[in-house]
Structures are given as structure tokens and as C-alpha cells.
Amino acid sequence: MRTTFIATALASVVMLSTAPAMADETWITDMGIVAWDDTLGETAVLVLNANNGLTLRAYVPGLGRDMMGGRGTYHGYWLSTGGDERCDVMITAPDGEKSNYWGTFTMSFVREDFPSDWAGTSGSCFYPQESTISGQVPN
């Protein structure tokens, strides 16, 4: 009995340590899962551990205020651990993260209520937002 309990406990610890942390709100994208990681005042911090091994942090001013509803369109910026386009200027985010791989984005929620899918555009550095991305709430 004791051996079974210890084996079960160890298996649980291994599963928890290898699985990604579950956030209160997540979305599935073509690049990987986006998770709401933190809230800094009225700014939501979303994290994407991309399928290509890079980590992207998106800072969404106003979304923290609209956490439980009243969502609409937001303009923000993102930082990445790497990428195709290295910017000439390094930026520092409110949480102290720094990167030369960054850009801006616009995201619009499909519904005002929580949870909701979203769609948006993004661009690198100061370039126009020409890439599209969408996030779906997991079932």
C-alpha cells in the first residue's frame, strides 16, 4: 500500500513538473498556446512558448482592467527571445524583460465576455503590422 502511494505521488510530481503551467485563460494559436501569465496594473502579460522554441511575451494595456468582460480591441507590443527580425533598438518591458526582438500588435476579441476568441495583426520593430494571428479558447 505504501509503495503504491509513493509511486503515485512520484508520478504526480513528474507529470506536474513536465507539464506547462495552466493559466486562468489560454488560447490555441498556430504558433502554440498563449497563456495569460501576469497582470501589471491594467496591462495583461500574455506568454507564448512557441512551437519553434522561442518565448514571446505580449503586453496588452487595458486588458487587465477588462479581465472579466467588456473586452474589445487592444494595441500593445511584444518581446521575443529571438526571431527573424532583430531590431536596432532594444526595449525594456514593465516587468524588466529586455529584447532586440520586438514589435507591435493589435488584437480584437470576438465577444466582450470571458472567455473569448480573438484575432489580430502584428509587425516587427517599427514596421507595419502585416502578420495575422488568431487565438481560440480551448474546448
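## Exercises on a predicted β-rich chain

In this predicted model, strands β3 (43–49), β4 (55–61), β5 (73–80), β8 (101–109), β9 (118–124) and β10 (131–135) each contribute at least two residues to the lining of the largest pocket.

**Exercise 1. Describe the largest pocket by its volume, its lining residues and the strands that supply them.**

Step 1. Begin with the volume, which comes to about 700 Å³ for the largest pocket. The lining is made up of 30 residues, and those closest to the centre of the pocket are Met31, Leu48, Leu56, Trp78 and Ser122.

Step 2. Next, ask which strand gives the most to this lining. The strand is β9, with six residues, while β3, β4, β5, β8 and β10 are among the strands that each supply at least two.

Step 3. Finally, sort the lining by residue class, which yields 15 nonpolar residues, 13 polar residues and two charged residues.

**Exercise 2. Locate the disulfide, give its geometry, and decide whether its two cysteines are buried or exposed.**

Step 1. The structure holds one disulfide, and the partners are Cys87 and Cys125, with their sulfur atoms 2.0 Å apart. The link joins distant parts of the chain, since Cys87 belongs to the loop between β5 and β6 (91–92), whereas Cys125 belongs to the loop between β9 and β10, 38 residues apart.

Step 2. The handedness follows from the angle about the S-S bond, which is -100° for Cys87 and Cys125, and the link is left-handed.

Step 3. Burial is judged against a cut-off of 20% relative accessible area, under which a residue counts as buried. Cys87 is therefore buried, because its relative accessibility is 2%, and Cys125 is likewise buried because its relative accessible area is 7%.

**Exercise 3. Work out the surroundings of Asn100, and explain why this residue counts as buried.**

Step 1. Asn100 sits in the loop between β7 (98–99) and β8.

Step 2. Once neighbours within four places in sequence are left aside, Asn100 is in contact with Glu85, Arg86, Cys87, Asp88, Val89 and Met90. For one of these, Arg86, the C-alpha to C-alpha distance to Asn100 is 5.6 Å, although the two are 14 residues apart in sequence. Another, Cys87, is one of the two disulfide partners.

Step 3. Asn100 counts as buried because its relative accessibility is 11%.

**Exercise 4. Carry out the corresponding analysis for Thr26.**

Step 1. Thr26 lies in strand β1, which covers residues 26–29.

Step 2. Residues up to four places away in sequence are not counted, and Thr26 then touches Ile33, Val34, Ala35, Gln136, Val137 and Pro138.

Step 3. The relative accessibility of Thr26 is 15%, so this residue counts as buried.

**Exercise 5. Summarise the chain as a whole, and state where the confidence in the model is low.**

Step 1. The secondary structure comprises one helix and 10 strands, and the order from the N terminus on is α-β-β-β-β-β-β-β-β-β-β.

Step 2. The chain has 139 residues, of which 35% count as buried. Among contacts between residues at least 6 apart in sequence, 36% join residues at least 24 apart.

Step 3. The mean pLDDT of the chain is 86, and 83% of the residues reach 70 or more. Over residues 1–22, however, the pLDDT is below 50, and this stretch has zero contacts in the model beyond near neighbours in sequence.

Definitions and conventions: Residues numbered from 1 in each chain as written. Predicted model: local features only at pLDDT ≥ 70, side-chain atom pairs only at ≥ 80, totals over all residues. Heavy atoms only, no water. 1 Å grid on protein atoms, 1.4 Å probe; cavity = no way out; pocket = protein on both sides within 12 Å on 5 of 7 lines; lining within 4 Å. Points joined across faces, edges and corners; volume = space filled by probe spheres on them. Helix = DSSP H or I, 4+ residues; strand = E, 2+ residues; numbered from the N terminus. Nonpolar A, V, L, I, M, F, W, Y, C, P; charged D, E, K, R; others polar. pLDDT = per-residue confidence, 0-100. Contact = heavy atoms within 4.5 Å. Buried < 20%, exposed > 50% of the residue type's maximum accessible area, 1.4 Å probe, protein only. Disulfide = S-S within 2.5 Å.
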